[in-house]
Every structure is written in C-alpha cells, then in structure tokens.
Amino acid sequence: MIIGTSVGALNGTVVAEDPGGAADRLAALWSTVTREDVFGKTLPTAYRLAARKSSAIDNKSLQAFIEGAVESRDFADLKVPHTAITTDFDTGEVVPLREGDLISAVMASAAIPAVFPAVERDGRRLVDGGVVANVPIGIAAAQGAQTIVVLDCGFTVIAPQKEETLRANLMRMAAIMASQQVRRDLEKVRDRTVLYLPGPWPIGSRPDDFRRSQELASAAYDLTLEWLAELRIEGPGRYGKAPSDFLAR
C-alpha cells in the first residue's frame with residue numbers, strides 16, 4: 001500500500017496508478033514543472049492578499065496540475081491501495097482519505113494553510129496533511145504495515161538560516177515541527193522494519209522552487225542505489241538515517 005502526504009499524495013497517486021511506469025512519469029513531471037504551474041501567477045496573488053482573502057492563492061492552477069499528472073479520478077481506479085493524508089482544519093484531526101473522488105483528496109492533502117484554500121469534503125474543511133503527519137510513518141503502522149519504506153523529501157532539514165525574514169522564520173518553524181513528528185513516529189514503530197531511503201540533505205532551496213528537481217532526483221536515485229547495495233535486513237528496526245537525524249546533529 002502507498003500512503004502520501006501533500007506532494008507525496010500526488011507522487012503516491014502516480015505510483016499507485018502506474019507502478020511500472022511511475023518512475024519515468026515522475027521524472028518527466030518534476031523536471032519540467034514551474035512555480036507558476038502549481039501556484040499560479042503573481043498578480044492574482046497580490047490581489048487576494050490586498051483583499052484579505054483567507055488564502056494567498058486560489059487552487060485552480062494546483063487542480064489543473066494534478067489533473068494533468070494523473071489519469072485516474074477515483075481511488076477505485078488505482079492499481080495499488082493508496083491513502084492521501086489530510087488535516088481537519090477545524091478539529092486538528094488527521095483525516096486519511098482512501099476512497100471516493102481522487103482529485104479533491106490530493107488537492108486537500110496539498111492545501112497548505114494560508115497559501116491554498118481548504119477543500120470542503122464530507123462536511124469537513126481539509127488542509128495539508130503535513131500539518132499533523134508530514135511523513136506518515138505512524139499512519140502506515142496503524143494501517144498494518146510491518147515493513148515501511150520511507151521516501152522523505154527532507155523538508156525537516158533546512159540549511160543554516162541566512163535571512164531573518166518572516167518567510168524564512170515560518171519555514172524553519174514548520175520544519176522543526178515536522179521533524180519532531182517524525183521522531184515521535186519512529187519511536188512508536190520500533191517493532192516494525194523501517195527502510196529510510198537516503199536523500200541529498202539539506203537540499204538548500206525553497207520547497208516552492210522546482211528548478212533543481214531533476215538534479216535532486218538524480219542525486220537521490222544514486223544515493224539510494226548505493227545504500228540498497230549495502231543493505232542487510234536482520235529483523236525489525238530502522239535502517240538508514242532520517243533527515244531529522246541531521247537536524248539534531
């Protein structure tokens with residue numbers, strides 16, 4: 001089964017839809033995407049901010065991007081069971097979505113509060129699952145996974161801060177909160193086999209800057225091949241380092 005949060009929900013959808021061809025599809029998708037493809041144009045954003053809207057950006061560009069990335073429109077269309085993690089913005093509860101409309105589920109999982117509007121679904125206002133489960137290791141365990149393969153984008157490791165700005169401080173705060181969630185989850189799954197795939201951490205670029213996507217994907221692929229060649233599983237436990245390990249160091 002596949003469980004994804006935020007952009008991981010989209011990547012997970014591609015894998016669940018086309019397990020054999022997903023690697024090539026994702027490589028092509030992220031090597032050509034631009035910030036405008038996901039977040040739209042700057043002028044409408046400025047208008048929404050001036051008008052004191054509840055979010056800086058509408059989600060039309062995000063929806064179009066997701067619809068262009070996958071052919072499936074319902075969870076039932078997928079070849080592998082998939083869960084998109086969202087957060088109830090009123091109660092703070094984690095809300096895993098695994099059936100029904102697929103596009104709205106992925107949109108909700110990626111709806112960063114204050115950036116994108118919440119997605120209304122089944123009477124709930126749903127936002128980015130990263131608020132409560134940026135790396136959903138605990139949810140995988142709760143759903144019965146005995147072996148958990150973790151693909152972490154490394155958001156919890158931000159390079160040493162070079163600017164004292166509101167944006168930089170907010171991003172660092174979010175990264176620290178996410179890293180603490182990962183540490184708590186890892187403590188709870190010591191009885192499971194957790195394969196934490198490596199990545200080029202810290203990335204050193206903003207999460208909304210896609211210009212280095214191809215470079216980072218290639219680096220992560222090479223690191224993972226080297227790591228897998230040396231991997232020897234000897235029972236339950238964690239194999240590999242989490243980005244939050246580097247943050248603690």
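**Entry 1: helix 9 and its surface**

I started at methionine 173, which sits in helix 9, residues 166–188. I noted that the model is a predicted one. Is methionine 173 buried or exposed? Neither word fits: the residue counts as partly exposed, because its relative accessibility is 45% and that class lies between the 20% and 50% limits.

Next I looked for what methionine 173 joins on the surface. I found a nonpolar patch made of Leu166, Leu170, Met173 and Met177. Together these four have about 440 Å² of accessible area. I wrote down a reminder on spacing. An α-helix has 3.6 residues a turn, so residues three or four places apart point the same way.

**Entry 2: helix 6**

I moved to helix 6, residues 102–109. How many of its residues are buried? I got eight of eight, so I logged the helix as mostly covered, with buried meaning under 20% relative accessible area. The list runs Leu102, Ile103, Ser104, Ala105, Val106, Met107, Ala108 and Ser109.

**Entry 3: a three-stranded sheet**

I then traced an open sheet of three strands. Its order is 6-7-8, and the pairing is parallel. Which strands stand at the edges? They are strand 6 (147–150) and strand 8 (237–239). Each has a single partner strand, so one side of each lacks a neighbour in the sheet. I also checked the twist: neighbouring strands are turned by 15° against each other on average, direction ignored.

I took a further look at strand 7, residues 193–196. Strand 7 pairs with strand 8 in the parallel sense, over three bridges. I picked out valine 194, whose bridge partner in strand 8 is arginine 238.

**Entry 4: aromatic rings**

Last, I searched the whole structure for aromatic pairs and found three. One of the pairs joins phenylalanine 39 and phenylalanine 116. The ring centres are 5.5 Å apart and the planes stand at 15°, so I filed the pair as stacked. Where do the two residues lie? Phenylalanine 39 is in helix 3 (residues 35–39), while phenylalanine 116 is in the loop between helix 6 and strand 4 (119–121). The pair therefore ties together parts that are 77 residues apart in sequence.

I checked the cover of both rings' residues. Phenylalanine 39 is buried, at a relative accessible area of 9%. Phenylalanine 116 also counts as buried, with 4% relative accessibility.

I closed with a cluster: Trp30, Phe65 and Phe210 are linked by ring pairs.

Note on methods: Residues are numbered from 1 along each chain as its sequence is written. This is a predicted model: local features need pLDDT of at least 70, side-chain atom pairs count only at pLDDT 80 or more; totals for chains, interfaces and linings use all residues. Side-chain values use heavy atoms; hydrogens and water are left out. Patches are made of residues with over 30% relative accessible area and no salt bridge: like charges are joined within 9 Å, nonpolar side chains (Val, Leu, Ile, Met, Phe, Trp, Tyr) within 5 Å. Accessible areas come from the Shrake-Rupley method with a 1.4 Å probe; for residues, only the protein chains shown count as cover. A salt bridge is a side-chain nitrogen of Lys or Arg within 4 Å of a carboxyl oxygen of Asp or Glu. Helices (H or I, at least four residues) and strands (E, at least two) are DSSP runs, numbered from the N terminus. Buried means under 20% relative accessible area, exposed over 50%, partly exposed in between (1.4 Å probe, protein chains only). Two strands pair if DSSP finds at least two bridges between them. Axes are lines fitted to C-alpha atoms, for helices over the stretch in contact, and angles run from 0 to 180 degrees between N-to-C directions. Rings of Phe, Tyr and Trp (its six-membered ring) pair if their centres lie within 6.5 Å; planes under 30 degrees apart count as stacked, over 60 as edge-to-face and the rest as tilted.
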